[in-house]
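Let's work through a few short exercises together. Keep the sequence and the 3D view side by side as you go.

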Amino acid sequence: MQPFALNYARPAVELEATTPYVYDSGLQLNVLLDGRVAAGDHTLLRELGTTTSTAGSKTHFDD
């Protein structure tokens, strides 16, 4: 017997997104393309809510 939900489940739509920052392993912070620390950009933080680091645990956030 097939669960009811599988009759209607659809794969999630993959949205193409780019992050306006990259991880700098020397600073151990996310930095913007112009070299500024991403966590210091208030406009970026208002839009994204946080700048999740890709280093180590996915649960850590830049301060």
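A residue is called exposed when its relative accessible area is over 50%, buried when that area is under 20%, and partly exposed in between. One reminder before we start: this is a predicted model.

**Exercise 1. Sort the charged residues**

Task: Decide whether Asp34 is buried or exposed, and do the same for Asp41.

Solution:
- Step 1. Asp34 has a relative accessible area of 52%. The cut-off for exposed is over 50%, so Asp34 counts as exposed.
- Step 2. The relative accessible area of Asp41 is 15%. Buried means under 20%, so Asp41 is buried.
- Step 3. Now try Arg36: with 44%, this residue is partly exposed.

**Exercise 2. Find the salt bridges**

Task: Work out how many salt bridges the whole structure holds, and which residues they link in a network.

Solution:
- Step 1. A search through the whole structure turns up 2 salt bridges.
- Step 2. One of them joins the side chains of Arg36 and Asp34, with N and O 2.8 Å apart.
- Step 3. Arg36 also forms a salt bridge with Asp41, where the closest N and O atoms are 3.5 Å apart. The cut-off is 4 Å, so this pair counts too.
- Step 4. Put the pieces together: Asp34, Arg36 and Asp41 make up a network of salt bridges.

**Exercise 3. Look around Asp41**

Task: Find where Asp41 sits and which residues it contacts beyond its neighbours within four places in sequence.

Solution:
- Step 1. Asp41 belongs to the loop between E2 and H1.
- Step 2. Setting aside neighbours within four places in sequence, Asp41 is in contact with Leu32 and Arg36.
- Step 3. Check the side chain as well: a polar atom of the Asp41 side chain lies 3.1 Å from the backbone nitrogen of Leu44.

**Exercise 4. Place Val37**

Task: Say where Val37 is found and which residues it touches, not counting those up to four places away in sequence.

Solution:
- Step 1. Val37 lies in the loop between strand E2 (29-32) and helix H1 (42-48).
- Step 2. With a relative accessibility of 34%, Val37 is partly exposed.
- Step 3. Leaving out residues up to four places away in sequence, Val37 touches Leu29, Asn30 and Val31.
- Step 4. Finally, compare sequence and space: Val37 and Asp24 are 13 residues apart in sequence, and their C-alpha atoms are 9.4 Å apart.

How values were computed:
Residues numbered from 1 in each chain as written. Predicted model: local features only at pLDDT ≥ 70, side-chain atom pairs only at ≥ 80, totals over all residues. Heavy atoms only, no water. Buried < 20%, exposed > 50% of the residue type's maximum accessible area, 1.4 Å probe, protein only. Helix = DSSP H or I, 4+ residues; strand = E, 2+ residues; numbered from the N terminus. Contact = heavy atoms within 4.5 Å. Polar contact = N/O pair within 3.5 Å; in protein donor to acceptor, adjacent residues only side chain to side chain.
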